[in-house]
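User: Please take a close look at the site around the ligand and explain to me, step by step, how it is built.

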Amino acid sequence: MGYKERDFWRFFRSVKLTIILLVVMAIFALIGTLIPQREEAARVVQFWNPKIMEIFFRLGLFDLYHSLVFRLLLLGLAINIVVCSLDRLPKSIKLATHSLGPAPDTVFERPIVALRAKEMEPKVFMEKLKKALRLFGGKVQIADLGNRIYGHSEYGRSSYFGVYVVHLSVLVILIGGLIGSIWGFEGYVNILEGDVIDTVELRDGKSVLKLGYSIRCDEFRADFYPNGTPKEFRSRLTILNDGEELFVRDVLVNHPMEIDGIRFYQASYGTILYGAIFRFLKGDQIIGEAELKKEMQQTLPNGLKVELKDLREDFMGRLGPAFLLRLEGEGLDEKEIWVFKRPELLKMIPQEMKASPRLDPSTILPYKVELKEVIERQYTGLQVSKDPGVNVVWIGCFMMILGFFLTFFYSHRQLWIRLEWDKTPRLLVAARTNRDHAGLEHRVSKVLDYIRREIAEREEI
Amino acid sequence: MITSSQILSVITFVYFFVFLTYLVNQLVKERLSYIPSILLLLTTLIHGIGISLRWKESYELGYGHAPFSTLYESLIFYSWAISAIYLLLEWRTKSTSLGVLVTPLPFLALAYASFSKMNKGIQPLIPALKSNWLIAHVITCFVGYAAFAISFASCILYLLRKEEKNRIKSLIPSKEVLEEINYNMVVIGFVSLSLGIITGAIWANVAWGSYWSWDPKETWSLITWLVYASVLHARLTRGWRGRKLAILSIIGFCCVIFTYFGVNLLPGLHSYATM
Ligand code: HEM
């Protein structure tokens, strides 16, 4: 390795760097919750000082989680993980494969207990020794060297790799997120009951997705509890291909529909003003009714031409639903007039405005228009998204949990028992672990109970 | 017939009484032996019965859901989880001195739940909350928060504890033991919180169409997670153990509290925000 590479390696190997990166990312995320982000920002900033807004925008403070700095932090963490893992892996492999051999006298230099063994048949002793080792658990090995018998039992060598699984899982999750941000998308579509759509507007606001099939909303239903809390939102959708019905699906909150990797979620609902039924009078004589939707035209029996030119959900934000009609007929030049669902609200606007020709009913005399019925239609709002990285993220999450269990709740534990004959039979017990000494003691004490009961006669000092 | 709300409001005061017994036990040099622990065990059992009863009552009302859907219910479960995990710890370590610092926590949480103006009735579930992932999400998150609460108590005790000076042997566990307790609680909390974030992501993916959307509550749980990840790594680094680590853990618990309550001041998707 050259000089430069060594510096790079040393910098990214450090756990101190990890601590700094984690804390800086935490602070970064914290700032993101204080400054409005993305859609939230778009809504709020109109009340801000434009100069401050400009500075914030230039610095990317309204989209911190997608900013270059945040991505660099993630990249730094990823390099940190890779370098650190590569740096330590050889040592862990050594630890995990290291073996003391069948007869390791070094571990008995500091035994947990030394006991005087009972006199018994070698065969019986062997059985009991095996039983004791099995009580400890793991792989059991026995070595009979004539004057000494060694028993060994161990498990948990994989625990050395738990940390690597955890660290790798962080990388896998980051990669899953990256895949989603490159090849995934999010969009939105409203479908009126009875209508059919075959495109979806994407959230970036620029592009439209062609589905290649069409979706019809047959029905949208909102159910409520008696106290008014929403209970269930359900859209019944029919999927069509070239006008041919393929299948029907119910989409509910928490129960999305998936087609070719694209998922449709029940996200919202509402009604839109669709049209109205109007009644027309000439003097006091009713001359006819017309059911109109936007830009529709009709000619009444007496030759009056009527067209619905425009409609507003809430005229001027306080006057309620309103419809702009264009009239033309015998004794009336072409005129436009706003018709209101709640004409009494017009009192709220000043006199001069009421004099504006399109608000003044007297301009169309001798004709009169009455609003008989407003036609509204319900729509369902579906969120549409595709994220090819999501399964990678789930694999990463699973690895992380697996890694936690290997790291925190599992350990490499070994137990050795040695029987030796000097003048009397003597039993030595030793044990080791790479972590959680309290857990080891607990397990060994179970084995010792058995040994004291079945094999040993008394303690030896 | 006893109702769950009667049990839960009585239990609030019982926790205070249990706290007093732990306090007295410290003052009389542990002459009460295991009496406080037994009292705490009984209290926790009755508390658990109260939660189960509330679950059953929701079925009688026709709503039928696990009692984890409002701020009130989450506080009830949180205080239960703190005392349950603490009992396990006490059983493992055979030391009761942390109880003086831990038992006020369920008392405070329950008192806040009982006396504030929040809605205490059993609410029907709105559509977004009808998911089994939600139950897994709430349980794992709050078990994590509970372990962090005990880590917090051990760190406070760590900072308060003076070095031993060969005087009469103190009842308070040694600094090493407190560090060990803190580490174990951070580990349990970190694993649970990770599970909580993962189950939450799975739920969000099903309900909102995206497993991560940087909603303030999500973001704050990530902040908490990052801080405790740095606690785990700080422990591996020389010069970061001891006092600094205790302070970092306490910062972690401040993040927990903000994730739980503070985020409600910010707008977001989580239902507690509107209650
Ligand atoms: C978000 C990212 C990370 C997470 C979630 C994570 C998680 C963990 C966990 C849970 C442990 C076990 C701690 C213990 O045994 O008490 C650990 C240990 C460790 N981590 Fe990380 N880690 C992350 C990033 C990193 C990075 C970037 C490095 C690079 C230097 C690193 C280096 C280490 C080391 C050296 C250990 C100790 C391994 C051992 O005990 O042999 N970690 N990490």
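Analyst: In this predicted model, the ligand is surrounded by residues from chains A and B, so the site is shared between chains. The shell around the ligand holds 24 residues, and the closest are A:Thr18, A:Cys84, A:His167, B:Tyr183 and B:His233.

Two of these closest residues, A:His167 and B:His233, also take part in polar contacts. A polar side-chain atom of A:His167 lies 2.7 Å from a nitrogen atom of the ligand, and on the side of chain B a polar side-chain atom of B:His233 is likewise placed 2.7 Å from a ligand nitrogen. An oxygen atom of the ligand, in turn, is found 3.3 Å from an N or O atom in the side chain of A:Arg435.

If we now ask which helices supply the shell, chain A gives at least two residues from each of H2 (15–34), H5 (68–97), H7 (162–183) and H9 (390–408), while helix H8 (216–234) of chain B also gives at least two. The largest share, five residues, comes from H5 of chain A. Sorted by chemical character, the residues of the shell comprise 14 nonpolar, six polar and four charged ones.

It helps to place the contribution of chain B in its setting, since the secondary structure of this chain consists of nine helices and zero strands. The radius of gyration of chain B is 19 Å, close to the 19 Å that the globule rule gives for 275 residues, so chain B is as compact as a globular protein of that length. Buried residues account for 58% of the 275 residues in chain B.

Conventions:
Residues numbered from 1 in each chain as written. Chains lettered and ligands numbered in written order. Predicted model: local features only at pLDDT ≥ 70, side-chain atom pairs only at ≥ 80, totals over all residues. Heavy atoms only, no water. Near = heavy atom within 4 Å. Polar contact = N/O pair within 3.5 Å; in protein donor to acceptor, adjacent residues only side chain to side chain. Helix = DSSP H or I, 4+ residues; strand = E, 2+ residues; numbered from the N terminus. Nonpolar A, V, L, I, M, F, W, Y, C, P; charged D, E, K, R; others polar. Rg over C-alpha atoms; globule rule 2.2 N^0.38 Å. Buried < 20%, exposed > 50% of the residue type's maximum accessible area, 1.4 Å probe, protein only.
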